[in-house]
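Here are a few friendly notes to read with the model open beside you. Take them one at a time, and find each residue on screen before moving on.

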Amino acid sequence: MKKKIKVGLVGASGRMGQEIVKVLKKTPSVELHLAICRQSSLAEFAYTCAEPSCAEAKDVDLWIDFSSPELLQKLLAVAVKHKAPVVSGTTGLGTKQLAALKKSAKSIPVLWASNMSLGVAVLTEAMRVFARIRQFDFQIEEFHHRRKIDSPSGTAKTLQQELEAIVGRNIPAPLSIRGGGIFGIHKIHAMSEDEIVVFEHTALNRTVFASGAVEAAKWLFVKKKGLYCMRDVLYSETK
């Protein structure tokens with residue numbers, strides 16, 4: 001019988017963590033081994049700890065992280081120590097965390113994305129066609145639930161960076177709208193005097209992000225050290 005991948009989940013009791021647990025329980029190739037959260041225990045996991053630097057971390061084959069920038073930085077140090085790949089969707093990263101991602105990727109496989117949706121990865125790829133109309137005006141617009149802290153969202157920032165690289169110039173900052181229970185809507189407007197093109201992605205639930213994270217984890221588990229993104233999961237020649 002093929003050995004199951006022992007997964008460590010950081011932020012296991014959070015909204016995204018709970019969704020990932022549901023997806024992992026339906027994935028035959030994985031085993032819910034270690035939960036990192038403030039709760040004393042989670043029944044689905046063999047072990048629950050408050051910090052990644054616990055004794056049980058040595059047996060984790062792969063980490064999935066949806067926590068905080070500070071906790072991600074601690075996790076990367078543990079993952080490098082035990083040579084375990086890391087998939088992270090934690091946003092709001094500062095220069096220290098970004099540097100830690102790059103440094104860790106020199107020793108282990110690391111995949112970080114501001115949005116784990118496979119659809120957003122396709123949207124990012126589709127934006128490349130805007131190079132053909134780079135003279136248009138562009139504007140990114142994003143909508144999220146009222147509880148979302150970062151504004152603009154990490155996804156909007158990533159789309160902005162990608163789009164500016166594609167059209168070769170700075171574009172206006174993303175417009176952010178917060179309200180209700182919106183899971184996530186991202187729009188890219190390309191506008192001229194005569195026509196408008198709009199690319200849009202709408203997340204209907206949190207499961208789309210959890211499913212993408214687990215798909216990325218299965219893909220990353222067999223990869224060599226390096227820093228990867230969701231585009232690699234879909235478009236890498238070595239998929």
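1. Which side chains meet in a salt bridge at 2.7 Å, N to O? They are those of Lys3 and Asp61. Please keep in mind, here and below, that you are looking at a predicted model. Lys3 sits in the segment before β1 (5–10), while Asp61 belongs to the loop between β3 (47–49) and β4 (62–65), so this pair ties together parts that are 58 residues apart in sequence. Lys3 counts as exposed, because its relative accessibility is 58% and the cut-off for that word is over 50%.

2. Some background may help here. Side chains of opposite charge can pair when their charged atoms come close. In this model the count of salt bridges comes to nine, and the next two points look at further examples.

3. Now turn to helix α1 (residues 15–25), where Lys22 and Glu19 are three residues apart and therefore separated by about one helical turn. Lys22 forms a salt bridge with Glu19, and their closest N and O atoms are 3.7 Å apart. How accessible are the two partners? Lys22 is partly exposed, with a relative accessible area of 49%. Glu19, in contrast, is buried, at 16%, because buried means under 20%.

4. Next, look for Arg128 and Glu125, whose side chains meet in a salt bridge at 3.2 Å, N to O. Arg128 counts as partly exposed, with 46% relative accessibility. There is a third residue to find as well: salt bridges that share partners join Glu125, Arg128 and Arg231 into one network.

5. Which residues form a negative surface patch? Look for Asp137, Glu193, Asp194 and Glu195. Of these, try Glu195 in the loop between β9 (185–191) and β10 (196–202). Glu195 is partly exposed, with a relative accessible area of 46%.

6. Moving on to strand β10 itself, you will find His201 there. Is His201 buried or exposed? His201 counts as buried, because its relative accessibility is 13% and the cut-off is under 20%. The His201 side chain also has a partner: it makes a polar contact with the side chain of Ser117, at 3.2 Å.

7. Two backbone details deserve a careful look. Most residues other than glycine have a negative phi, and most peptide bonds are trans. Lys83 has a positive phi, near 60°, and is a residue other than glycine. You can find Lys83 in the loop between α2 (69–82) and β5 (86–88), where this lysine is exposed, with a relative accessible area of 57%. The other detail is the cis peptide bond that joins Ser151 and Pro152, with omega at about 0°. Pro152 lies in the loop between β7 (137–144) and α5 (154–167).

8. Finally, visit helix α5, which is the place of Leu163. What is the relative accessibility of Leu163? The value is 0%, so Leu163 counts as buried. Try drawing a line from Leu163 back to Lys83: C-alpha to C-alpha, the two are 34 Å apart in space, and they are 80 residues apart in sequence. That line links a buried leucine to an exposed lysine.

Methods
Residues numbered from 1 in each chain as written. Predicted model: local features only at pLDDT ≥ 70, side-chain atom pairs only at ≥ 80, totals over all residues. Heavy atoms only, no water. Patch = residues over 30% accessible without salt bridge, like charges linked within 9 Å, V, L, I, M, F, W, Y side chains within 5 Å. Areas by Shrake-Rupley, 256 points an atom, 1.4 Å probe, with all protein chains shown as cover. Salt bridge = Lys/Arg side-chain N within 4 Å of Asp/Glu carboxyl O. Lys, Arg positive; Asp, Glu negative; His and termini not counted. Charge placed at Lys NZ, Arg CZ, Asp CG, Glu CD. Helix = DSSP H or I, 4+ residues; strand = E, 2+ residues; numbered from the N terminus. Buried < 20%, exposed > 50% of the residue type's maximum accessible area, 1.4 Å probe, protein only. Polar contact = N/O pair within 3.5 Å; in protein donor to acceptor, adjacent residues only side chain to side chain.
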